[in-house]
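Here's a quick briefing on how this chain packs and pairs up. Have a look at the sequence and the structure first, then run through the notes below.

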Amino acid sequence: MNSALPEFRAPSGVERVFNRVFGFLVGLGLGYSYNYLLQVRGRKSGRIYSTPIDLLELGGKRFLVAPRGRTQWVRNVEAAGEVTLKKGRTRQKFRLRPIADADKPEILKAYLDNFKREVQRYFPVAAGSPVQAFGALAPNYPAFELIAE
């Protein structure tokens, strides 16, 4: 882990409230085409947790990226191995394939370039930076390819 970045960047109180409200709206079917409500079973409690996410589509594949690092949803995803993406009445179940650090730079660059407004504050490089700038950052940002079930 890069010592300049913490393993997990916790949301502020305002961000937690925003995530709840925005997650509720996305769950109703509102939001951009890339906004989904990620649902995953808790690794300890077994209950279903939800969080709004921005889904990256790149090269015909779908990716989840955790801009805050190894968050609770990442730990739950790692334990469960599957997630459900919800938007309105539509639910899609996926298995997950963790992305190796060596394969992350292109994905991280695309994620930051596409969702700059939402996630720039979590990256120490600017959107539009060359793909090489993301190589050293890769271990700090969990990423998964979604595989339809």
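In this predicted model, the largest nonpolar core has 20 residues. Leu56, Leu108, Tyr111, Val119, Phe123 and Phe134 are the ones with the most contacts inside that core. The notes below start there, then move on to strands and charges.

**Nonpolar cores**
- Two elements, S4 and helix H3 (104–114), each give two or more residues to the largest core.
- H3 supplies the largest share of this core, with 5 residues.
- Leaving aside residues up to four places away in sequence, Leu108 touches Val65, Phe123, Phe134, Ala138 and Tyr141.
- A second core of 16 residues lies apart from the largest one, and its members include Leu55, Val74, Phe94 and Leu146.

**Strand pairing around S7**
- Strand S7 (residues 143–148) runs antiparallel to strand S4 (residues 61–65), and 4 bridges join the two.
- Within that pairing, Val65 sits opposite Ala143 in S7; Val65 is also one of the residues that Leu108 touches.
- S7 also pairs with strand S6 (residues 90–98), again in the antiparallel sense, over 5 bridges.
- Arg97 has Glu145 in S7 as its bridge partner.

**Salt bridges**
- The count comes to 7 salt bridges, and three of them are worth a walk-through here.
- Glu145 and Arg97, already met as bridge partners, also form a salt bridge, with the closest N and O atoms 2.7 Å apart.
- That pair links distant parts of the chain, since Glu145 belongs to strand S7 and Arg97 to strand S6, 48 residues apart.
- Glu145 counts as buried because its relative accessibility is 11%, under the 20% cut-off.
- Arg97 comes out at 36% relative accessibility, so it counts as partly exposed.
- Lys104 forms a salt bridge with Asp101, and here the closest N and O atoms are 2.9 Å apart.
- Lys104 has a relative accessibility of 6% and so counts as buried, whereas Asp101, at 37%, counts as partly exposed.
- Arg62 and Glu57 meet through their side chains in a salt bridge at 3.8 Å, N to O.
- Arg62 is partly exposed, with a relative accessible area of 23%, while Glu57 counts as exposed at 53% relative accessibility.

**One to check in the viewer**
- Which residue is the bridge partner of Arg97 in S7? Glu145 is, and the salt bridge between Glu145 and Arg97 has its closest N and O atoms 2.7 Å apart.

Notes. Residues numbered from 1 in each chain as written. Predicted model: local features only at pLDDT ≥ 70, side-chain atom pairs only at ≥ 80, totals over all residues. Heavy atoms only, no water. Pairing = 2+ DSSP bridges. Salt bridge = Lys/Arg side-chain N within 4 Å of Asp/Glu carboxyl O. Buried < 20%, exposed > 50% of the residue type's maximum accessible area, 1.4 Å probe, protein only. Core = buried A, V, L, I, M, F, W, Y, C linked by side-chain atoms within 4.5 Å. Contact = heavy atoms within 4.5 Å.
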